[in-house]
Amino acid sequence: RTLESVEDAGAYCISLEDSELPIKFGKTKYPEFLSIKEAAFKIKLAVDRKINKSTSIIARTGVYPYQGINAALERGKSYESVGADALFYINVSSKNDIEKLVKSHDIPIILGNNTTDLSLIELTKMGVSVSLPGHKAYFAAMEAYRRSLENLYKNGGASSALKSNPFAGSTVIMTKSQTKTAPPITATSLA
């Protein structure tokens with residue numbers, strides 16, 4: 001029923017994870033995972049019951065940092081065998097392990113919270129379809145916001161905070177007169 005509701009809402013891609021949800025109170029250091037059999041069954045049900053055949057079912061697993069590459073590969077192969085359209089691996093931290101994952105599957109590989117120093121070009125050449133940086137951009141923005149507020153507190157005004165603004169070409173903290181002339185914040189001005 002949930003799958004049908006999500007498709008009715010217009011989703012063309014549904015990610016199913018093998019973590020035991022909701023996370024039990026006090027169990028945040030080591031998440032619990034569904035058995036491979038149960039997780040594969042959940043994915044197979046979604047594959048078999050999707051209404052729109054172009055809806056993609058992505059199987060997401062977070063076992064890598066807790067159980068290693070072999071456990072991640074075992075799960076990925078199982079999920080691929082029941083019809084997952086792509087595999088979403090979380091926190092893979094080794095180039096060799098990424099290569100193993102890509103070479104072991106015939107469906108797209110998505111990396112989540114990629115912590116390697118590999119460029120997107122390198123990852124693409126290795127066969128990774130999508131690499132998500134996790135929350136890095138959010139944390140960088142929060143740090144910039146914290147520094148701006150700290151500067152405001154120390155120096156007592158918006159003009160001093162603007163001098164330390166890490167977003168060159170954009171105005172994050174503005175006085176009333178500045179709001180009329182401030183350039184819009186765009187991806188290029190944040191670079």
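User: What do buried, exposed and partly exposed mean here?

Analyst: A residue is buried under 20% relative accessible area, exposed over 50%, and partly exposed in between. In this predicted model, Met142 has 36% relative accessibility and therefore counts as partly exposed. Met142 belongs to helix α7, which covers residues 136–155.

User: Which residues make a nonpolar surface patch with Met142?

Analyst: Tyr138, Phe139, Tyr145 and Leu149 join Met142 in a nonpolar surface patch of about 530 Å².

User: How many salt bridges does the structure contain?

Analyst: A salt bridge requires a side-chain nitrogen of Lys or Arg within 4 Å of a carboxyl oxygen of Asp or Glu. The count by this rule is 8 salt bridges. One of them pairs Asp85 with Lys50, whose closest N and O atoms are 3.4 Å apart. This pair links distant parts of the chain, 35 residues apart: Asp85 is in the loop between α4 and β3, and Lys50 in the loop between α2 and β2.

User: Is Lys50 buried or exposed?

Analyst: Lys50 is at 9% relative accessibility, so it counts as buried. Asp85, with a relative accessible area of 30%, is partly exposed.

User: Which residues of helix α7 form a salt bridge with Glu143?

Analyst: Arg146 does, with its closest N and O atoms 2.6 Å from those of Glu143; the two residues lie 3 residues apart, about one turn of the helix. Arg147 also meets Glu143 in a salt bridge, at 3.7 Å from N to O, and these two are 4 residues apart in helix α7. Shared partners join Glu143, Arg146, Arg147 and Glu150 into one network of salt bridges.

Note on methods:
Residues numbered from 1 in each chain as written. Predicted model: local features only at pLDDT ≥ 70, side-chain atom pairs only at ≥ 80, totals over all residues. Heavy atoms only, no water. Patch = residues over 30% accessible without salt bridge, like charges linked within 9 Å, V, L, I, M, F, W, Y side chains within 5 Å. Areas by Shrake-Rupley, 256 points an atom, 1.4 Å probe, with all protein chains shown as cover. Buried < 20%, exposed > 50% of the residue type's maximum accessible area, 1.4 Å probe, protein only.
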